[in-house]
Amino acid sequence: MNFQVDFLSFFVIQVDGKEGQGGKSYKHYATMDDYDYDESDVKKFLDGEFARISKRKVEKNPSTEQAPTKIGRFIVEPEHELSSNPNFNMFARLRAAEDKEDFKNACDDLVRMYLDTSAVRGGALIIVQATLNTHSDDPFIFVLKCDFEPKIARITESSLVSEVEMAISARNMKSIMYPYMLEEGMNDEWELKIHQSSHARYFEDFLKFVTYEQSMPEIVNEHVMGFVQNYVETKWPDASNEERQQEERDLELWAASEKRDLQGKWDPLQVVEAAQHIVELKPEIEVRFKLDDTVVRGLLSDFGAKLHITKLHDRYALIIEGDAFTFEKGFSPIELLQPESFETVAERLKEKRQYENEGMDGDTPPW
């Protein structure tokens, strides 16, 4: 995938203090057309970056809330056109530029808007109009942000080693690509793709009129809370019922807790039915939890089929079914096991719990 650069503007942003708390300013270094770019060192620096950005995998509903790469969609009021969105108009102006002066002026406006971003840091901001001539003459816009790397050193004849004051690196480059390329030759002018560090929200703060789809954890949380609310309303139709109000308070505390215990409110069939609704949205969605110090990770669709939770007197037991074990890395004596029958293990566990509950300290355990 070979992008032809039509225009490129290179800016340096200076920020006093940390996290954009001090004064902010920018300096325009150069605006190039395709001929200037082909002869510049910037071409070597950006070589291959446009293809990497366009090919970077992204999900509309990421598997994590902190996904670094997202698809954004321009927000418009019902029955309004894309041209009513200020962020779209900014990109449209950049795409429409036909000479260096027009492109530089459009870039100036973008940089000034970017300086208002709360988490902005010093570095290079590079704005590019580029064309994928093999598919269409419609240009793409790339906005590339490279933070300063103050600890990078270079070798010089005079001092042997010196620090580069304003070195930049493509290693942690943040980027915007507009329009979003669903696949080669197929673009969506309503959408763009952003890539940024998971702990920063440079571009989400910058693009105030762009929305992003929920991550799968957010969707699952929303569905589960919907099931919970439906359960409460069905069991206690009267909103003034004291039991219902207490249940709602308990569930509110449960939902707000970072570490949660098994609630014991629904029977297995209710849980399987609720899980099925979520699995329909994303069949490969995972479930993770801990039983004491044992970490369990599997598919939500396996609950009730291959993964079972049960009670053993006053403790919990977990049953996992499968066709074969796979061991990795270091050897373990468990790999040499000849498994007992399920009935034998279940009986031994019941005897063990009975022995412990009766406090037979002086007796010889029966297992």
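This passage describes helix packing, two buried residues, some backbone features and one annotated domain in a predicted model.

Helix packing makes a good starting point, since two packed helices are described by the angle between their axes and the distance between the axes. Helix H7 spans residues 216-235 and helix H8 spans residues 242-256; their axes come within 10 Å and cross at roughly 165°. Because angles over 145 degrees count as roughly antiparallel, H7 and H8 are described as roughly antiparallel to each other. The crossing of this pair, H7 with H8, is right-handed. On the H7 side, the contact is formed by Val-224, Met-225, Val-228, Gln-229, Tyr-231, Val-232 and Glu-233, which meet Arg-244, Glu-247, Glu-248, Leu-251, Trp-254 and Ala-255 of H8. Sorted by class, the residues in the contact of H7 with H8 comprise eight nonpolar, one polar and four charged.

H7 also packs with helix H9, which covers residues 268-281; here the axes come within 10 Å and cross at roughly 150°. H7 and H9 are therefore roughly antiparallel to each other, and H7 passes H9 in a right-handed crossing. H7 contributes Ile-219, Val-220, His-223, Val-224 and Phe-227 to this contact, while H9 contributes Ala-274, His-277, Ile-278 and Leu-281. The contact of H7 with H9 holds seven nonpolar and two polar residues, with no charged residue. Readers following the structure may like to look at Val-224, a residue of H7 that takes part in the contact with H8 and also in the contact with H9.

Another helix pair is formed by H4 (residues 86-96) and H5 (residues 100-114), which pack at an angle of about 150° with their axes 9 Å apart. That angle makes H4 roughly antiparallel to H5. The crossing of H4 and H5 is left-handed. In this contact Asn-87, Met-90, Arg-93 and Leu-94 of H4 meet Phe-103, Asn-105, Ala-106, Cys-107, Asp-109, Leu-110 and Met-113 of H5. By class, seven nonpolar, two polar and two charged residues make up the contact of H4 with H5.

Attention now turns to individual residues. Phe-74 belongs to strand S3, which runs over residues 69-74. With a relative accessible area of 4%, Phe-74 is buried. Leaving aside residues up to four places away in sequence, Phe-74 touches Leu-82, Asn-85, Asn-87, Phe-88, Phe-91, Tyr-178, Glu-189, Trp-190, Glu-191, Leu-192, Phe-209 and Val-210. Among these partners, Asn-87 is one of the H4 residues that meet H5. Phe-74 and His-28 are separated by 46 residues in sequence and by 28 Å in space, C-alpha to C-alpha.

Tyr-178, another residue touched by Phe-74, is joined to Pro-179 by a cis peptide bond with omega about -5°. Pro-179 is found in the loop between strand S8 (174-178) and strand S9 (180-183).

Leu-312 offers a second buried site, with a relative accessible area of 14%, and lies in strand S15. Beyond residues up to four places away in sequence, Leu-312 touches Ala-317, Leu-349, Lys-350 and Arg-353. Leu-312 and Met-186 stand 126 residues apart in sequence and 57 Å apart in space, C-alpha to C-alpha.

Next along the chain comes His-313, in the loop between strand S15 (307-312) and strand S16 (315-320). Although not a glycine, His-313 has a positive phi of about 60°. His-313 counts as partly exposed, at 46% relative accessibility. Lys-329 likewise has a positive phi of about 60° without being a glycine. The loop between S16 and helix H10 (342-358) holds Lys-329, and at 85% relative accessibility this lysine counts as exposed.

Finally, the unreviewed UniProt entry carries the annotation "domain: DUF3898" over residues 262-350. Across residues 262-350 the chain is 26% helix and 27% strand, and the end C-alpha atoms are 21 Å apart.

Technical notes
Residues numbered from 1 in each chain as written. Predicted model: local features only at pLDDT ≥ 70, side-chain atom pairs only at ≥ 80, totals over all residues. Heavy atoms only, no water. Axes fitted to C-alpha atoms, helices over the stretch in contact; angles between N-to-C directions. Helix = DSSP H or I, 4+ residues; strand = E, 2+ residues; numbered from the N terminus. Parallel < 35°, antiparallel > 145°, perpendicular 65-115°, else oblique. Left-handed = near helix turned anticlockwise from the far one by under 90°. Contact = heavy atoms within 4.5 Å. Nonpolar A, V, L, I, M, F, W, Y, C, P; charged D, E, K, R; others polar. Buried < 20%, exposed > 50% of the residue type's maximum accessible area, 1.4 Å probe, protein only. UniProt positions renumbered as here; feature names shortened; annotations may be inferred.
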